[in-house]
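Reader: Could you walk me through this model and tell me what lies behind the words you use for it?

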Amino acid sequence: MRAPKLLEKMTHKIPSNHPRASSLIIREKLVDGFNRGIVVPQGLIAHGRGEAFDYLLGEKTTKYAYDAEKVAVCILLLSDKSAISINGNTAALCAKDLVKLSYVTKSRIEVNIFHRSVARSNTIARILRKEGSHEVLGVNTKAKSIIYGISSNRKFVDKEGIMDSDTVLVALEDGDRTESLVRMGKKVISVDLNPLSRTAIASNVTIIDNIVRAMPYLVETTKKIKNMKRSSLEKIVDQYDNQYNLDKSIKLIRGNASSKRR
Ligand code: PTJ
């Protein structure tokens, strides 16, 4: 696919040997997403917070993130019904990989945005369909169901999708809905660069990684292990301790912050 005009125009100014090239390209994708009505201005600010944590993590997938990603795949493969929740930032950054992940894990895709707007939901759904998704939930108002106990617009979910799923993958999410989904007995897998966020703490599996690195790895790992026996997948899940994993990521950040300048 050709890069959108704006992205093309802006990225050619970023030399490929620039030490921060990949980080700058992500920014351009979000600005482009903002210009196309996918990302809200608040999404650009939220990305800044994520970027700061990514910087402290060394801008690479850590051993702890790889471990969480493998467990996340096992849980998705073991689930009866799973859903992937999509917001503006995730659609702008990795729509193609989100669609691929939905196919390889047989998860349903649902648009669920914090800053609710029918027009933006439809734009996001259009992008997902363009990337190959044959079904996008969260845009049909007749299928709307409500998660009680949440004040934000994230409470509106699709009864066939998030509401009916036993596992939900969320990314760049607010803590309220994550906590509610866990209270409802669902397994929540989150992707969040901030290991101190409520989402990170409440999730069953927290992937402390940049979504742009996490998604392709989740797709590839699923392809590799999808034929494993259920008992082997269950063993990997049973051996995993999310709290331990989170503590390790926090320790890594502390160490990087106090070590001499890179
Ligand atoms: O499209 P909408 O309306 O649903 O809005 C999306 C945003 C992101 C604005 C909304 O979900 C929001 O306000 O999120 P928060 O509460 O700011 O949380 C976002 C979390 O994602 C923060 O903990 C960030 O550190 C983290 N984050 C930001 N960018 C990335 C990230 N985590 C992984 N990869 C990133 N690229």
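Author: Gladly; what follows takes one helix and then the ligand, and the model is a predicted one.

Reader: What makes α11 span what is expected of it?

Author: Helix α11 covers residues 242-258, which is 17 residues. The expected span is 1.5 Å times one less than the number of residues, which gives 24 Å here, and the 25 Å from first C-alpha to last is close to that.

Reader: Which residues of α11 are called buried, and what earns them the word?

Author: They are N242, N245, L246, S249 and I253. Buried stands for under 20% relative accessible area, so these five fall below that cut-off. Seen down the axis of α11, the buried residues fall within an arc of 100°, so they line one face of the helix. They pack against α3, α4, α8 and β7. On the other side, K251, R254 and S258 are exposed, a word that asks for over 50%.

Reader: What makes the link between D241 and Q243 a polar contact?

Author: A side-chain oxygen of D241 comes within 3.1 Å of the backbone nitrogen of Q243, at the start of α11. The limit for such a pair is 3.5 Å, so this one qualifies.

Reader: And which polar contacts does the ligand have?

Author: An oxygen atom of the ligand sits 2.7 Å from a polar backbone atom of F114. A polar side-chain atom of R120 is 2.5 Å from a ligand oxygen, and a polar backbone atom of L193 is 3.1 Å from a ligand nitrogen. Taken alone, the ligand exposes 740 Å², and the protein buries 93% of that.

Key
Residues are numbered from 1 along each chain as its sequence is written. This is a predicted model: local features need pLDDT of at least 70, side-chain atom pairs count only at pLDDT 80 or more; totals for chains, interfaces and linings use all residues. Side-chain values use heavy atoms; hydrogens and water are left out. Helices (H or I, at least four residues) and strands (E, at least two) are DSSP runs, numbered from the N terminus. Buried means under 20% relative accessible area, exposed over 50%, partly exposed in between (1.4 Å probe, protein chains only). The arc is that of the directions from the helix axis to the C-beta atoms. Contact means heavy atoms within 4.5 Å. A polar contact is a pair of N or O atoms within 3.5 Å; within protein, one must be able to donate a hydrogen and the other to accept it, and residues adjacent in sequence count only if both atoms are side-chain atoms. Accessible areas come from the Shrake-Rupley method with a 1.4 Å probe; for residues, only the protein chains shown count as cover.
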